[in-house]
Amino acid sequence: MIQYFSIVLMLVGIYGLLSQRNVIKLIAALNIFEIGLNLFIVSIGFVKDGLVPILTSNNESSAMLYVDPLPHALVLTSIVIGVGVTALALALAKKMHDKYGTYDMDEMGGK
Amino acid sequence: MNTSFIILLIAVPLGAAFLSVLVKKLGKYFLGAAIGFNLAASGILAYDYVSPVIYEIGGFKPPYGISLVLDEYSLLGILLLNVVFALIAIMACKYIKKYEVVLSVALAALNGVILTGDLFNLFVFMEISAIAAYILTTMNKNIKYTFNYLVLGTLGSGLLLFGIAVIYNMFGSLNIMDIQNRMAIISYPVAGALVLPLALIFTGLSVEAKLLPFSGWARGVLKDSNSLVGTLIVSAFSAAVLLAFGRLIDSLFVMSDSLLIVFTVVTVGTLILAEIAAFSKKNLREILLFSSIAQSGLVVALFLQGLKSAALLVLINNVISKMILFTLAAKIGEDNGTDKLEDLKGVFLKNKVLGFGFTAAAMSLIGLPLFFGFIAKANVLVSLFEANNIWLPMVILIVSVIEGAYVVRMLTTLWNTGEEGELAKAEDAKQYKLTNKVRLTIIITIAAIAIVAAGILPLLQMNDWFNFDILSFLTDGLGGV
Amino acid sequence: MKQIVSILLVAAIGILIFSALYFSDETLKFNEYGNVNLDDRVSEKYIDKSVNGNTEEIIFGETQNAESGSANMVTSVVVNYRSFDTLGEVTVLFVSALGVGLLLNGKRKRKNLKDAPNFILKQGARIIFGIMVVFGVYMFIHGHITPGGGFPGGAIIAASILLLYLSDDEFRVKLSAAKAVESTAGSLYVIVGLLGIVLAGYFLQNFLPTGTVGEVISSGVIPIVYMLIGLKVGSELSSVIDGFLTEEVEG
Amino acid sequence: MDFILSVPAIVVGLFAAAVLAYLLTKANKILGALITVLGSGAALAAMLMLKGDINSVQSLGALGFKLTDYGWFFSVLMLLIFFSVSFFNLYWMKKIIHPAAYNFLYLVALAGTVGAFTAKDFIGLFIFWETIVWASMFIIPFGKSRNASVVYYAFSAFGSLSMLFGILYLYSKTGSFDIQYVLEQASMNTTYALVAFITIGIAGLVKIGVFPFHLWLPKAHGNAPDTFSPILSGGLVKAGGFAAFLAVIVMPSYKVFASNALFLGRELAMPVPNYILVFLGAVSIVVGTLMAIKSEDFKKLIAYSSVANGGYIIIGIAIADSLSVGGAFMHMFAHALASAAAFLSAAAVVHRTGTTKMSELGGLIHRMPLTYLVYLIAIISMAGIPPMSGFISKWMLFQSMIGKGMVFTAAAAFFGSIGSFLYVFRPLSAVFLGQLSPKHESVKEAPFLMQVPMIGLSLLTLLFGVFPNIVLRFISDILKTAGLDGLTLNGLVISGTNGQLNPSLVSLIFGIGFFIALIIFIIHPKSRKVDLMDTYTASEFIYTPELLHYSYAFYAPFERLYENAPSTEKWYAALIKKIEEAGQLVSYTFFNNKPRIIVFWMVCAVIALLWGGSL
C-alpha cells in the first residue's frame, strides 16, 4: 500500500511540474516527486516481519530477519542530493525574483 | 600498473576542490594541478594498460562494494575526457575565476561517470556533474534557462533513480556486471519485464545526453553561453554521459524488439529533427548546439545497434570538433557582440589561423575525406552494412546532406565578405574583431592538425581502416608501446 | 484545459507504471512490497558482514574485528561498503552550497524579521541551541550503533543555527569559518580515503581496527568519517541558510 | 616502374605543389599562381608520358592506383583544362579574396581529379571525389555568391553520399573495394547491379548536372570566380561522365539489365534503367537549352548549355553501344575544350571590362578580336557545327540514336542543337558584335599569357574537328577494353550505323565556303560605322546605353513563354523553405523556456516509450 502511495506521490509531483508555472511551486513539485521516489526506494527494501537493520542488545544476531539496509543507504544519498538541488533551485529562484520581479515563469518573457 | 591511479582520477580533483575552498587564492593552482594530474594519470593508465582492471573501492569485492572499471572503453573515455577538459580549461581560462571549485568537482564527477561500474554510483556522479553544470550555466546572462535545466535535469535523474530502484528490486544488485550476469543466468526471457526500468533509465540519461524531446533545456542554456560553459557542456559533459549511456546499453539493455524500435525511433528522430532544426538556425552557437544534439542521437542510435566502436569514433569526432567549433563560436560571439551568421561575413579574415582551425573541425564534423570525421563515418556505414542494416545508412547519409549544407553555409559566410551577387573583398571585413590569444591559437592549431592527421594517416597506414576497431587499437597500439 | 491535459497524462503514465510493476504477466516480476527474499540480494552479505568471506554469525557486543564494525547496518553500508557514494553525496552538498554562495554573493546583510525578537526569545534560543548542538554531535558520534549519523547530525546542527537566525535578527555565522570547517572536513574525508590506499591498499578502505560490534569506540574509520560528514553538512547547510536569510547590500 | 614517374607520384606531387603554392602566394601572389601553372603543366606532361603504363598498378599506403585507359583519357583531359586555365590565375590574384587559398585549393582539386580517375579502389575514388568537392566548394564563394557554394555542396554531397552508400553496400556484400572486382561481382547479381547502377549513377548525374540535378550548374558556374568556371564546366563536370561510364559500361549494367526480363521495356530499344537515363538526358537537353536561351548572364548561359551538353553525354553512355559511347567520350572531350574556351573568353572579357552582364557589353570585336575568335570557335563546337570537334561527337550520337530508332530522344537532341544556335548567338552578338559601349572605348585585347591557353584550346578544337580519328582511335581502344565493339575507323573516315563521315572532307568544304565568304566580305563595300550613342529620338538624346543595346530584350517574345513554366528552381526553393520551417517548428516546440512544456514532452515521450516498448 505504501508503495502505491509513493508512486502516486511521484505522479502528483509530475502533475505539479506539468501544470504549475510558479517557480516556487515547481520546486515544491520537484520535492514532492523526490519524496515519492525516496519512499518508493525505501519500500523496496522492506521485508515482511523484518527488523530494523541495527544490531542491538535485543536483536543481537545477524542471523535474524532484517529489512534490506541497502535502500536505506541509497535513500540517504538521494535525500541529500535532493536537499542540495533544492537549495540551489531556491537560490536560483531568489536570483530570478531579484532580476524579473516575479516568480511566474510565463511572465519572465523571452523565447 | 599502479591501479590506484584509477581512483585518484576522481579523488585528486575532489581533494583539490575541497582544499581550494580553504585557501581561496590558490584555487586556480589547485584546479591546474588536478587537471594536470588527471592528464598524467590517464596517460600512465593508458601506457600501462594490459587488460581490464576492476578497482574495488574500500577493499570490498564486487558486487558488494562499489567498483571502478577500467577497460578499453573507459580508458578511451578518460583519455578523451581529461584531454578535452584540460584544453577547454586552458582555452577559456579567463572565465574560470570563482568557478575553480565547480570545475574541479565537475572533472571528478565526469571521470566518475565514465569509470564507475555501479548503477547507483553512476546516478550520484551524474547528479554531481549535473549540479556542477547548473552552477556553471549561471554564468550566462539569463538564469531562467538554468532553472529550466535544473527542473528537467532533476526530473530526469529522478526517473533514472526510479529505474535503478526497479532494477535493484528485480535483480538484487547494483553492480552493472553483476546485474548482467544475473540476467544471463535467468533461463526465461527478461526483456518484457525490463521495459519499465530501461525506459526510465533511457529517459534519465537522455535528458543529460540531450536527446529529443528531453533536451528542451539545451537551447536556452547554450545559445549564449561563453566558451567555457558551452564548450564544456557540448563536448566534455556530453562525452561522459554518452559513454555512460553506451556502457549501460552495452551491458544492461536487454530489449524487446518493440522497445528497441521505440528507442531507435527516439534516437534517429533526434538525429533528423535536430539536424533540420540546425539547418533552420542563423546563429553560430544555435547551429552548433543543435548539431550536437543530432550527433548525440546518432551516437546513441549506434550504441543501440550494438556498434560500439563506430559509435565511439563518431563520439570522438564530435567531441573534438565541437570543442573547437563551440569555443570559436563563443569567442566570435563575444568579440563581435553577436554570433549571427549574417553579421559576421568574412570574420575569419581577421584571424586566419583560428579560421583554419574552425574549418578543419567543421569539415571533420561533416565527415569529408582527409579529415578524421570521414574515418568515423566510413566506419559507421561499413559496420551498419555488415549488420545488414540498410535504412540507417540511408538516413545518416540524407541527414549528412542537410548537415553539410548548413556547415558549408557557415564556412563560406565566415570566410567571405560581400553581399550575394558581389565579389568578396577583403576590405569589407574591417569592422570585425577576432582577437588573438596565444594559448587559444596554439591549442586550436594542434587540435586541427590532429584532426587532419587522424584523417590521413589511417589511409596511408592501415589497409582496413574502414573496419577500424578503436577499442582493440587502444590495447594493441597504446598498451604495446 | 491545462489541468485536464496534465491529469490525463499523469493518469496515463501512472497506469503504465502500475501495470508494468504490479500487473505484469512476465515471468520476471517486480518483487512486491515486503515480499522480498534477501538471499537474492547483495544486501544479505551486508547484514552478515560476510563480503570478504566471513562465515560466522555477527553477535552484538561480541564479534570482534568484523569487516565492518558498525552495529547499524545502514551505517556500515553508507560508510563502509558504499562509502564512495557517500563521498559523492558530500560533494553534491558541497557543490550546491558553493553554488548558492556564488548565486547569492556580494556583500550581504541580515534581512529584517517581521517581528523583532525579544530578549527571552533570544536567550531561550541560545539555551536550546546548545542542547541541539550537543544532540547533533551525539547523532554523528553514535551513528554506527544507533539510528542517525553524519547527515542527520549535521542537519540538526544546521537547524540549531537556523534557530539562532530566526531568534536573533543580528546573528550571522562567520562564513569564512563555515567554509574553513567544510573545506577541512571535506579534505580530511578525501585524505582518509587516500590513507586507505596507503595503509590498507584501497581507496576508502578501513585502516583502523574495527573493535567490538556495538561499542562506541569501534568500527574503524566510521566515527571519524561521520564526524567529518556531520561537521561538513552542518557548516554547509548553515552557509546556505545564511544565504537565504540575508540580502545584498546596495553598493 | 619507379615511383618518380607514376600516378601516386603525380597525386602526391600535386598535393605538395598545393602546399608550396600556398606558402609562396603568401610571399608573392604571382609566384604562387605560377606554381599552379607549373604544377599542372608538369602533371600533364607526366601523365602524357605515362601512356605506355596503362594498366599499371601502384599503391600509396592503403590507397591503390590503377591507370586504366579511360582513367588516362579523363586525367589527360582534366589536366589539359586545368593547365590551360592556370594561365589565367596569374591575372586573377588581385581579384580573389584569398589568393593563397585559391592556389592551394586549385591544385588540391587537380590532385583530387587525377586521384579519382586513377583510383584502383572505390574508396580511393570516393576520397578523391570528395576532395574535389570540398576544394571547389571553398573556391566558389570567392566569386560572386556565397549561396552558390552551399547549393553546390548540397547537390554534390547528395551525389557523392549516394555513391558512398553504393560503395559500402557493395563492400559489405563482396568484401572488396577493388573497382574491377566489385563491378564484376555486382554484374553477377541483379540486386547488386541495380544498387551500383542507381547509387553511382546518381553520383554521375549530379556531377554532370543532368535534370533534375542541374540546378547547381548555373549557380556555381555562373558565380564562381571567372577562372574557376572553366574548370567546373570544362573539367569537373566530366567526372560525372566518368561515374556514369563506370555504372553503365564498366560494370556492365546494360548487359545485366538486358538479360533480366524485369528491366526490359516492351517497346524500348534498351533496358528500362538505361532508358530512364536517356530520358533524363533528353529532358536536360531541352531544359538546359530553354534556360540558356533565357539567361541574361553570359556565364550562366554557358552553364545552362553545359546542362544540355551533359544530357548528350548521358544519353550517349546510356544507349551503350559502341558508337554512342564513343560519341559520349568524344563529346566530353569536345565540350570540355569548347566550354573551357568559352568560359576563358568570358573571363578575358571580365578581365578587361569587369562585367558579364550582356546588356552592358557589346562591340568588343573591335577591341578584343582574338577573344572573339576563340569564343566563336568554342560556340561553333558547342553547337555541333563542322569543322569543330563538337560536330563529330554530335554526329556520332545522332547516328546512334537514329540507328536505335529513338525518335523522340533524337528530336530532343535536335531541338537542343537548334536551340543552341539561339543561345550561343546571343552572347556572340551581345558581347562582341553590335556597337561598342562608350564605357569600353579603351578596352584592350587580353594579355598574351591569357591568349596562349585560349588559342591552344581553339586549335585543339579545330584539330580534332578535322582529324577526330586521333582521339577516336584511343576511344575505340577504351571501348574494346570495356567489352564493346570498337569504332569503325578507316583512315580519316568514321562509319556510323547508316552512313560514313569524312570530317576532313567536310572541313575542307567548309573551309572553301568560309574562304569564299571572306572574299565577298573583303570586296564588298563597307558600311558606315555608327557609334552607339550616335542617335536621338524625338529630338532628345538618350544617355542609357543599355536601352539602345543590340541584345536588349533579345528574345522577348520567347521569354514570355517561360512565365508559367514549371521550375525546378522553385521546387528546390520550396523544399528548402519547408525544411527550414520544420526546423523552426522543432526548435519552437521542443525548446521552450517554460519547464512545463518540456516536462509535457518528456512525459509524453516516457508514455510513448513505456507503451510502445510493451507492445
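What follows is a conversation between a visitor and a guide about reading a predicted model.

Visitor: Where do I start with the chains that touch each other? How many residues of chain D are in contact with chain B?

Guide: A good way in is to count the residues on each side, then ask which elements supply them. Here 57 residues of chain D are in contact with 65 residues of chain B. On chain D's side, the elements giving two or more residues are α5 (122-139), α6 (147-174), α23 (568-590) and α24 (595-613). Helix α6(D) gives the most, with 14 residues.

Visitor: And what is that side made of, by class?

Guide: The side of chain D that touches chain B has 37 nonpolar, 15 polar and five charged residues.

Visitor: Let me try another pair. Which elements of chain B give two or more residues to the side that touches chain A?

Guide: Begin with the counts again: 20 residues of chain B are in contact with 23 residues of chain A. The elements you asked about are α5 (119-137) and α6 of chain B. The top contributor is α6(B), with 13 residues. By class, this side of chain B divides into 13 nonpolar, five polar and two charged residues.

Visitor: Now a single helix. How far does α1 of chain A reach from its first C-alpha to its last?

Guide: Compare the reach with what the residue count leads you to expect. Helix α1(A) covers residues 2-19, so 18 residues, and reaches 25 Å, close to the 26 Å expected at 1.5 Å a residue. Next, look for its buried residues: among them are S6(A), I7(A), M10(A), L11(A) and G13(A).

Visitor: What covers those buried residues?

Guide: The cover comes from several chains. It includes α2 (23-44) of chain A, α6 (144-171) of chain B, α1 (2-22) of chain C and α24 of chain D.

Visitor: How do I read two helices that cross? At roughly what angle do α14 and α17 of chain B cross?

Guide: Look at distance, angle and handedness in turn. Helix α14 (residues 352-365) and helix α17 (residues 438-461) of chain B have axes that come within 9 Å and cross at roughly 35°. The crossing is left-handed. In the contact, residues of α14(B) including F356(B), G357(B) and A360(B) meet residues of α17(B) including I444(B), A448(B) and I451(B). By class, that contact has ten nonpolar, five polar and no charged residues.

Visitor: Let's go to chain C. How is chain C divided?

Guide: Chain C has domain 1 (2-36) and domain 2 (47-248). Their C-alpha centres lie 37 Å apart.

Visitor: Can we zoom in on one residue there? Why does S183(C) count as buried?

Guide: Count the neighbours: S183(C) is buried because it has 22 C-beta neighbours inside 10 Å, and the cut-off is 20 or more. S183(C) sits in helix α7 (residues 175-200) of chain C. Leaving aside neighbours within four places in sequence, S183(C) is in contact with F18(B), L19(B), V21(B) and L22(B).

Visitor: What do the buried residues of α7(C) pack against?

Guide: They pack against α1 (4-22) of chain B, along with α4 (83-103) and α8 (222-244) of chain C. The helix itself has 26 residues and reaches 36 Å, close to the 38 Å expected at 1.5 Å a residue. After α7(C) comes G201(C), with a positive phi near 120°.

Visitor: What about unusual backbone spots?

Guide: Most residues other than glycine have a negative phi, and most peptide bonds are trans. Look for departures from that. In chain B, the bond from P62(B) to P63(B) is cis, with omega near 5°, and P63(B) lies in the loop between β1 (53-56) and β2 (67-70). L212(B) and P213(B) are also joined by a cis peptide bond, with omega about -5°. P213(B) belongs to the loop between α8 (195-209) and α9 (216-222) of chain B.

Visitor: And where is K98(B), with its positive phi?

Guide: K98(B), with phi of about 75°, is in the loop between α3 (72-91) and α4 (100-115) of chain B. With 14 C-beta neighbours inside 10 Å, K98(B) counts as partly exposed. In chain C, K49(C) has a positive phi near 50° and lies in the loop between α2 (43-48) and α3 (73-81). K49(C) counts as buried, because 25 C-beta neighbours are inside 10 Å.

Definitions and conventions
Residues are numbered from 1 along each chain as its sequence is written. Chains are lettered from A and ligands numbered from 1 in the order in which they are written. This is a predicted model: local features need pLDDT of at least 70, side-chain atom pairs count only at pLDDT 80 or more; totals for chains, interfaces and linings use all residues. Domain bounds come from an automatic or database domain assignment. Two residues are in contact if their C-beta atoms, placed from the backbone, lie within 7 Å. Helices (H or I, at least four residues) and strands (E, at least two) are DSSP runs, numbered from the N terminus. Ala, Val, Leu, Ile, Met, Phe, Trp, Tyr, Cys and Pro count as nonpolar, Asp, Glu, Lys and Arg as charged, and the others, Gly among them, as polar. A residue is buried if 20 or more other C-beta atoms lie within 10 Å of its own, exposed if 12 or fewer, and partly exposed in between; C-beta atoms are placed from the backbone. Axes are lines fitted to C-alpha atoms, for helices over the stretch in contact, and angles run from 0 to 180 degrees between N-to-C directions. A crossing is left-handed if the near helix is turned anticlockwise from the far one by less than a right angle, and right-handed if clockwise.
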